Amino acid sequence: MLAQFDVNLVVLLVLLICGLLSQNAAVTIAAGVLIVIKITPLNEFFPYIQAHGLNLGILILTIGVLTPIASGKLSGESILKSFVSFKSLIAIAIGLLVAWLGGRGVKLMSSQPDVIAGLLIGTVAGVALLRGVPVGPLIAAGLLSLFIGK
């Protein structure tokens, strides 16, 4: 009986419950989709999801961020003004820093998978308890890489 106990499935169920209780659709949907994949023949796609899911997620996030430019909601004039406003220049600098940290985070997570569990627990806790968004693992890993020198 103990050999059939799937701790990973229990963790996904706990995450699903946390997502529901915190009314966080991203965690709820992600955990639910992964549970369905895990308990069905779709589980053969886990290697593909693991290999390409992060890049696909970043692509979708980037499309979402660039959509106001493409749709015209953010005018060319506004974009040009961002280079003369003090607040916008700080925002550009912080954007550069966060993108750099995210890049370091991807490298760290690839080279040291033993830190992924801690990063995920911290991110899920931040999403569920602090109403954050689940982009934290990359930035957290980037910050971690600064502390551990990787």
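The legends below describe several close-up views of a predicted model.

**View 1. Helix H2 and the helices that cover its buried residues.**
Helix H2 runs over residues 25-39, and its end C-alpha atoms are 21 Å apart, which agrees with the 21 Å that its 15 residues should span at 1.5 Å a residue. The buried residues of this helix are Val27, Thr28, Ala31, Gly32, Ile35 and Ile37. What covers these buried residues of H2 includes three other helices, namely H1 (7-21), H3 (46-71) and H6 (116-130).

**View 2. Thr28 of helix H2 and its contacts.**
Thr28 is found in helix H2 and, with a relative accessibility of 17%, counts as buried, because the cut-off for a buried residue is under 20% relative accessible area. A polar atom of the Thr28 side chain lies 3.2 Å from the backbone nitrogen of Leu20. When residues up to four places away in sequence are not counted, Thr28 touches Leu16, Gly19 and Leu20.

**View 3. Gly19 of helix H1, with its contacts and two separations across the chain.**
Gly19 has its place in helix H1, where it is buried, with a relative accessible area of 1%. Leaving aside residues up to four places away in sequence, Gly19 touches Asn24, Val27 and Thr28; Val27 and Thr28 are also among the buried residues of H2. How far apart in space are Gly19 and Val127, C-alpha to C-alpha? Although 108 residues apart in sequence, Gly19 and Val127 are 8.4 Å apart in space by that reckoning. For Gly19 and Val106, which are 87 residues apart along the chain, the C-alpha atoms are separated by 25 Å. Val106 is found in helix H5 and is partly exposed, its relative accessible area being 28%.

**View 4. The salt bridge between Asp6 and Lys38.**
The structure holds two salt bridges, and one of them joins Asp6 with Lys38, the closest N and O atoms being 3.3 Å apart. This pair links distant parts of the chain, since Asp6 lies in the segment before H1 and Lys38 lies in helix H2, 32 residues apart. Asp6 counts as partly exposed at 29% relative accessibility, and Lys38 is likewise partly exposed, with a relative accessible area of 24%.

**View 5. The salt bridge between Lys81 and Glu77 in helix H4.**
In this view the side chains of Lys81 and Glu77 meet in a salt bridge, with a distance of 3.2 Å from N to O. Where along the chain do Lys81 and Glu77 lie? Both are in helix H4, which covers residues 76-81, and they are four residues apart, about one turn of the helix. Lys81 counts as partly exposed at 48% relative accessibility, whereas Glu77 is exposed, with a relative accessible area of 52%; the two fall into separate classes because the cut-off for an exposed residue is over 50%.

**View 6. Ser82 in the loop between H4 and H5.**
Is Ser82, in the loop that joins these helices, buried or exposed? Ser82 is buried, with a relative accessible area of 16%. The side chain of Ser82 reaches the backbone oxygen of Ile79 at 2.5 Å. With residues up to four places away in sequence left out of the count, Ser82 touches Ser88, Leu89 and Ile92.

**View 7. A nonpolar surface patch with residues from helices H5 and H7.**
Leu97, Trp100, Leu143, Leu146, Phe147 and Ile148 make a nonpolar surface patch of about 640 Å². Helix H5, at 86-111, and helix H7, at 136-148, each supply at least two residues of the patch. Which helix gives the largest share? That share, four residues, comes from H7. Ile148, one of the residues of the patch, lies in helix H7 and is partly exposed, with a relative accessible area of 40%.

Terms used: Residues are numbered from 1 along each chain as its sequence is written. This is a predicted model: local features need pLDDT of at least 70, side-chain atom pairs count only at pLDDT 80 or more; totals for chains, interfaces and linings use all residues. Side-chain values use heavy atoms; hydrogens and water are left out. Buried means under 20% relative accessible area, exposed over 50%, partly exposed in between (1.4 Å probe, protein chains only). A polar contact is a pair of N or O atoms within 3.5 Å; within protein, one must be able to donate a hydrogen and the other to accept it, and residues adjacent in sequence count only if both atoms are side-chain atoms. Contact means heavy atoms within 4.5 Å. Patches are made of residues with over 30% relative accessible area and no salt bridge: like charges are joined within 9 Å, nonpolar side chains (Val, Leu, Ile, Met, Phe, Trp, Tyr) within 5 Å. Accessible areas come from the Shrake-Rupley method with a 1.4 Å probe; for residues, only the protein chains shown count as cover. A salt bridge is a side-chain nitrogen of Lys or Arg within 4 Å of a carboxyl oxygen of Asp or Glu. The expected span of a helix is 1.5 Å times one less than its number of residues.
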